Amino acid sequence: MPVPFHLAIPVTNLAQANAFYGTLMGCERGRSCEQWVDWNFFGHQLVTHLVATMPILPEPNEVDSKAVPVPHFGVVLSMSEWKALAQKLVAAEQAFVIEPYIRFEGKVGEQGTFFLFDPAGNALEFKGFADDSQLFAK
């Protein structure tokens, strides 16, 4: 099993972060105070820290003729988990920056991907691989 990562991100509203990460994404809430909340983000520690304003983001990067937000973070799921999450978010009418699609279809490294923003404007990417051994395919 991979070692869990720790990532701290800014948010401007902890109630909105709770609705997004807790309710919509289904992440278990950990320790918290008035300034931050720990989340179990698919087995990793994500901390949402309250800030007055969000940092200015750079321009997106073009990938597959799509505007990929930079920076972004996320997780790699099994293809069945990825499909289930994508269906859950579509059913919840979540807006996507890049809607779910399959990259490298029929090729080495085939993967599902989608991008979305949390309420504070942090960009997230979710990937799904049918074959985890192709995560670092060349």
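## Gln111 and its surroundings

Gln111 belongs to strand 9, which covers residues 111–117. The model is a predicted one. Gln111 has a relative accessible area of 5%, and because the limit for buried is under 20%, Gln111 counts as buried.

Two polar partners of the Gln111 side chain can be named. One is the backbone oxygen of Gly109, reached at 3.1 Å. Another is the side chain of Lys127, with a polar contact of 3.2 Å. Leaving aside residues up to four places away in sequence, Gln111 touches Met79, Tyr101, Ile102, Arg103, Phe104, Lys127, Gly128 and Phe129. Lys127 therefore appears both in this contact list and as a polar partner of Gln111, while Tyr101 and Arg103, also in the list, return below.

## Salt bridge and charge over a ring

The whole structure contains 1 salt bridge. Its members are Asp64 and Arg103, whose closest N and O atoms are 2.5 Å apart. Asp64 lies in the loop between strand 5 and strand 6, and Arg103 lies in strand 8 (residues 98–103), so the salt bridge ties together parts that are 39 residues apart in sequence.

The two ends differ in exposure class: Asp64 is partly exposed at 38% relative accessibility, whereas Arg103 is buried at 14%. Tyr101, another contact of Gln111, has the charged end of Lys66 over its ring, 4.4 Å from the ring centre.

## Backbone exceptions

Most residues other than glycine have a negative phi, and most peptide bonds are trans. The cases below depart from that pattern.

Asp64, the acidic member of the salt bridge, has a phi near 55°, a positive value in a residue other than glycine. Its loop runs between strand 5 (61–63) and strand 6. Phe42 also has a positive phi, near 55°. Phe42 sits in the loop between strand 3 (36–41) and strand 4 (44–50), and its relative accessible area of 32% makes Phe42 partly exposed.

The peptide bond between Val70 and Pro71 is cis, with omega about -5°. Pro71 is in the loop that connects strand 6 (66–68) to strand 7 (72–78).

## Aromatic pairs and cluster

There are 10 aromatic pairs. One of them is Phe20 with Tyr21, an edge-to-face pair with 4.8 Å between centres and 80° between planes. Both members are buried: Phe20 has a relative accessible area of 5%, and Tyr21 has 0%.

Tyr21 also pairs with Phe41. Their ring centres are 6.3 Å apart and their planes meet at 70°, so this pair is edge-to-face; the angle exceeds the 60 degrees that the class requires. The pair joins distant parts of the chain, with Tyr21 in helix 1 (residues 14–24) and Phe41 in strand 3, 20 residues apart. Phe41 is buried, as is Tyr21.

Which residues form the aromatic cluster? Phe20, Tyr21, Trp39, Phe41, Phe42, Phe73, Trp82, Phe96, Phe114 and Phe126 form one cluster. Phe42, noted above for its positive phi, is thus part of a group that also includes the buried residues Tyr21 and Phe41, although Phe42 itself is partly exposed.

Note on methods: Residues are numbered from 1 along each chain as its sequence is written. Side-chain values use heavy atoms; hydrogens and water are left out. Helices (H or I, at least four residues) and strands (E, at least two) are DSSP runs, numbered from the N terminus. Buried means under 20% relative accessible area, exposed over 50%, partly exposed in between (1.4 Å probe, protein chains only). A polar contact is a pair of N or O atoms within 3.5 Å; within protein, one must be able to donate a hydrogen and the other to accept it, and residues adjacent in sequence count only if both atoms are side-chain atoms. Contact means heavy atoms within 4.5 Å. Rings of Phe, Tyr and Trp (its six-membered ring) pair if their centres lie within 6.5 Å; planes under 30 degrees apart count as stacked, over 60 as edge-to-face and the rest as tilted. A charge sits over a ring if NZ of Lys or CZ of Arg is within 6 Å of the ring centre and within 35 degrees of the ring normal. A salt bridge is a side-chain nitrogen of Lys or Arg within 4 Å of a carboxyl oxygen of Asp or Glu.
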